Amino acid sequence: MTKPENIQIDTSPPVSDEIRQTTCYMCACRCGINVHMKDDQIVYIEGNRDHPVNKGVLCGKGSSGIMQHLAPSRLRNPMKRVGERGSGEFEEISWDEALDIAAGWLGPIRDSDPKKLALFTGRDQSQSFTGWWAQNYGTPNYAAHGGFCSVNMAAGGIYTMGGAFWEFGQPDWDRTKLFVLFGVAEDHDSNPIKIGLGKVKANGAKVVGVNPIRSGYNAIADEWYGITPGTDGLFIPALIHELMRAGKI
Ligand code: SF4
C-alpha cells in the first residue's frame, strides 16, 4: 500500500483546452479575466494576474459570470411579442426580421427629423456603442443608466479628489489619510476597492463606514455608524454645516 506521504495529488489539474482573455462585465470596473474553454464551452473563469485593475483578484459576482452566460433565460435571439402587451408571450425571430421591423419604425422618424428619437438604453454595459449609434442616427437625445448613477458619482469624484471608481480612475489610495464610505454597494467595483482598502489599512489610514449594516467593507472599518436607512442624505449636509460652523472648511 502506498504510504500517504508518497501520494501525489495534483491540486491544479488542467480544466480547459483553451484560455481566452477578456474583461468581466458583471460590474463596471472591467477586471481582467481568463476564461477557460473546453470543447468550445465556458467551464471556468479566473482572475487575470497580469491585469492592472484587479491583479488576479476575482469577486464572487465575477466568477459567477459563467451562470449568466449559461442561464436558460439568457436572450439568444431577438424576441417578438405575439400576445397582448403584458401577457408575456413572445416568439424568437431572425435578426433579418428584427432589423426590418426596427428600420420600419426608425426610418420615417430619421427622414423627418432624427432628433425626434429619444433613446434610453437602460443598464446595457455597452453605452459607448449605443451612444455612437445614436450620434450616427442623428439624435442628441440619448441616455442610459449611468447618467443617474455612476456618471454623477464619477463627476463628483473627479472634481473633488481627482478620480472616482470603475473606469473613471481611482482615489489616491497611497496618500489617503481618512477614507469615509457612505452606503457603498459592495458588489460594485469590488476588486479595486478591496485592493485600495488593503492599501489604506496597511498605510495606517483611518477607515470610517456609514451604512445601516456592518457587512463587508464596514466590517474592517475603524469606525462604523449604523445609520438609519434614508437619513444619510440629511447626515452629510449636517456634517458639512458643522464643519463650516467650526471654521474647518
Ligand atoms: S469587481 Fe467583480 S463583478 Fe466587477 S468587474 Fe471585477 S470581477 Fe467582475
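This passage describes how two domains of a predicted model meet and how one threonine is placed. In this predicted model, local features need pLDDT of at least 70 and side-chain atom pairs count only at pLDDT 80 or more, while totals for chains, interfaces and linings use all residues. Residues are numbered from 1 along each chain as its sequence is written, and side-chain values use heavy atoms, with hydrogens and water left out.

The domain assignment of the protein chain gives domain 1 (18-70) and domain 2 (173-245); such bounds come from an automatic or database assignment. The C-alpha centres of the two domains are 28 Å apart. Nine residues of domain 1 are in contact with eight residues of domain 2 (contact: heavy atoms within 4.5 Å). The area buried between domain 1 and domain 2 is about 650 Å², and carbon and sulfur atoms give 62% of this (buried area: the accessible area, with a 1.4 Å probe, that two parts lose on being put together, summed over both).

Threonine 139 lies in the loop between α4 (127-137) and β7 (142-143) (helices, H or I of at least four residues, and strands, E of at least two, are DSSP runs numbered from the N terminus). Threonine 139 counts as buried because its relative accessibility is 3% (buried: under 20% relative accessible area; exposed: over 50%; partly exposed: in between; 1.4 Å probe, protein chains only). A polar atom of the threonine 139 side chain lies 2.7 Å from the backbone oxygen of leucine 117 and a polar atom of that side chain lies 3.0 Å from the backbone nitrogen of asparagine 141.

Methods
Polar contact = N/O pair within 3.5 Å; in protein donor to acceptor, adjacent residues only side chain to side chain.
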